[in-house]
Amino acid sequence: MGRPKRLYPLGKYRLRTPKTIDKSKTYSIELEYTWNRQVLRKSANIFVKAADWNQNGNQGRGEIRSSYGNEYKRLNKVLMERVDTMDAQLAEYNIKHPNQITAEVIAGFLSHKPLTRKDQGKDFAEFVLERLESEYSRHKIGRSRYKNGICCMNVFTIFLRATNQGTYEKDKIYVGDITPELIDGYITWRRDIRQNGDETINHSLTPILKACSYAAELGMIEQSVNARIQDMMIVTKPSLSDEESEFDGKALTKEQMDALLEYYKNCKEPRRKEFMEMFFFAFHACGLRIVDVMTLQWGHINFEKKELRKIMIKTSKRHVIPLTEPALKILRKWQEKRVGCRYVFDLVNDNLDLNDEEALYKARINATKCIGQSLAVVGEQLEFPFSLSMHVARHSFAVMALNKGLSMSVVSRLLGHGSTDITEKVYAHFLPETLSAEMDKLHDDLVELEPF
């Protein structure tokens, strides 16, 4: 095993001489520190001849020989007091600010202007996680975004370790060391190595950019640097060759839904068929989110009233959903298979504690992955123009409901949105059919004008 690296450097003295030494000339004694292969020096304002200097003296730290004259002892004492004081200051600094010794800090002590990092040695990943925790505790973000942010920062630390870009540890970097070039490298790494799309990369950048903005307000990052970092978000451009370029393409048409139903009837794989039943249930249960399908309990179902009453995981609000006959038919089928079980669908263990956020998050990730992989295969075999997932059921319900004439406010309530504004933001901009239908209702009442 090699010798462990010292956490701070020790100083020594050197005589600053040229290559060709003049024996009759005196030269400056300089205090020298070496850190990360960088040499920093400061003159001691003491001058001696080369013959009067012993570099190996004082255990290699250098000393003035007795040949200098009567003052040699006093001057050596002055030199040792200076270097011992400097070493002690660096040791104290390291205790107060672990792993933060830099060439800039050493230079500051040499010039009697000790510096501290503007970011106070704060680790960037920890800083981002603290911001996420603060926003989550103040209900600024939901649990899903909070957990996704944690996952994003885990991937960020993997990036630092994989690319050797950590500053004080392999997978750690100070807030003040974040640069646009680093973020650009992170984007490239996620695209080339992780094979992430632009949308996924933008999601991963969101907590990072928000933290950088806040760090700039605190003076941890230069405003000019932060301004460049904020421009790193990828601008996504829709493909003009797509017939539905203004539509996100992730909702099934009536024809595609019929094709999916036909596939289900002929499917010979029991587990895939069950996943498709969950998809159809989510669709018929007013676009129920996968996390709520996963945590749906028999106690939430009222077969007599044909409704579902449940506190939604994402919003933490109680939501009432009218159940259609197809939804009830699926529930009755699973009721026979899940006798005595707590949860309707076998996506989680019956002992899952919904108050344990970490366990719930892991269960959701596992369920999403299993269902997503199976549904994606179905979508590929049916040649859908997008990857089939449980969330497609939610979009499909919303789009079909709006195009059937249901008002935006009604669809918003069925989806469990906090306000109609959210529904309009997600769906209204790509629903020309709805607008045309509304205008048709006014056709007979409009007064036909004579041409000018």
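**Strand pairing, burial, salt bridges and a charged patch**

Me: How many bridges join strand 7 to strand 8, and what makes two strands a pair?

Reply: Five bridges join strand 7 (residues 307-311) to strand 8, and the two run antiparallel. Strands pair if DSSP finds at least two bridges between them, so the five found here satisfy the criterion. Within this pairing, Arg309 stands opposite Val320 of strand 8. This is a predicted model, in which local features need pLDDT of at least 70 and side-chain atom pairs count only at pLDDT 80 or more, whereas totals for chains, interfaces and linings use all residues. Residues are numbered from 1 along each chain as its sequence is written, and side-chain values use heavy atoms, with hydrogens and water left out.

Me: Why are strand 6 and strand 8 called edge strands?

Reply: The open sheet has three strands in the order 6-7-8, with antiparallel pairing. Strand 6 (301-302) and strand 8 (318-322) each pair on one side only, and are the edge strands. Strands are DSSP runs of E with at least two residues, and helices are runs of H or I with at least four, both numbered from the N terminus.

Me: What makes strand 2 a partner of strand 1 and of strand 3?

Reply: Four bridges join strand 1 to strand 2 (residues 26-35), and nine join strand 2 to strand 3 (residues 38-49). Both pairings are antiparallel. Tyr13 has Leu31 of strand 2 as its bridge partner, while Tyr33 stands opposite Leu40 in strand 3. In the hairpin of strands 2 and 3, with two residues between them, Asn36 takes a positive phi near 50 degrees.

Me: How do you know that the side chains of strand 1 alternate?

Reply: In strand 1 (residues 12-15), Tyr13 and Leu15 point to one face and are buried, whereas Lys12 and Arg14 point to the other and are not. Buried means under 20% relative accessible area, exposed over 50%, and partly exposed in between (1.4 Å probe, protein chains only). Arg14, at 33%, therefore counts as partly exposed.

Me: Why is the contact of glutamate 32 with arginine 14 called a salt bridge?

Reply: A salt bridge requires a side-chain nitrogen of Lys or Arg within 4 Å of a carboxyl oxygen of Asp or Glu. The closest N and O atoms of Glu32 and Arg14 are 2.9 Å apart, so the pair qualifies. Because Glu32 lies in strand 2 and Arg14 in strand 1, the contact ties together parts 18 residues apart in sequence. Glu32 has a relative accessible area of 5%, and is therefore buried. The structure holds 21 salt bridges.

Me: What separates arginine 271 from glutamate 274 in helix 10?

Reply: They are three residues apart in helix 10 (residues 270-284), which means about one helical turn. Their side chains meet in a salt bridge with an N to O distance of 2.5 Å. Arg271 is partly exposed at 31%, whereas Glu274 is buried at 17%. Both belong to a salt-bridge network that also includes Lys337 and Asp346.

Me: What makes glutamate 357 partly exposed?

Reply: The relative accessible area of Glu357 is 32%, which lies between the two limits, so the residue is partly exposed. Glu357 is located in helix 13 (residues 357-381). Together with Glu133, Asp353 and Asp356, Glu357 forms a patch of negative charge on the surface. Patch members have over 30% relative accessible area and no salt bridge, and like charges are joined within 9 Å; the 32% of Glu357 therefore passes the area criterion.

Terms used: Patches are made of residues with over 30% relative accessible area and no salt bridge: like charges are joined within 9 Å, nonpolar side chains (Val, Leu, Ile, Met, Phe, Trp, Tyr) within 5 Å. Accessible areas come from the Shrake-Rupley method with a 1.4 Å probe; for residues, only the protein chains shown count as cover. Lys and Arg count as positive and Asp and Glu as negative; His and the chain ends are not counted. The place of a charge is taken as NZ of Lys, CZ of Arg, CG of Asp or CD of Glu.
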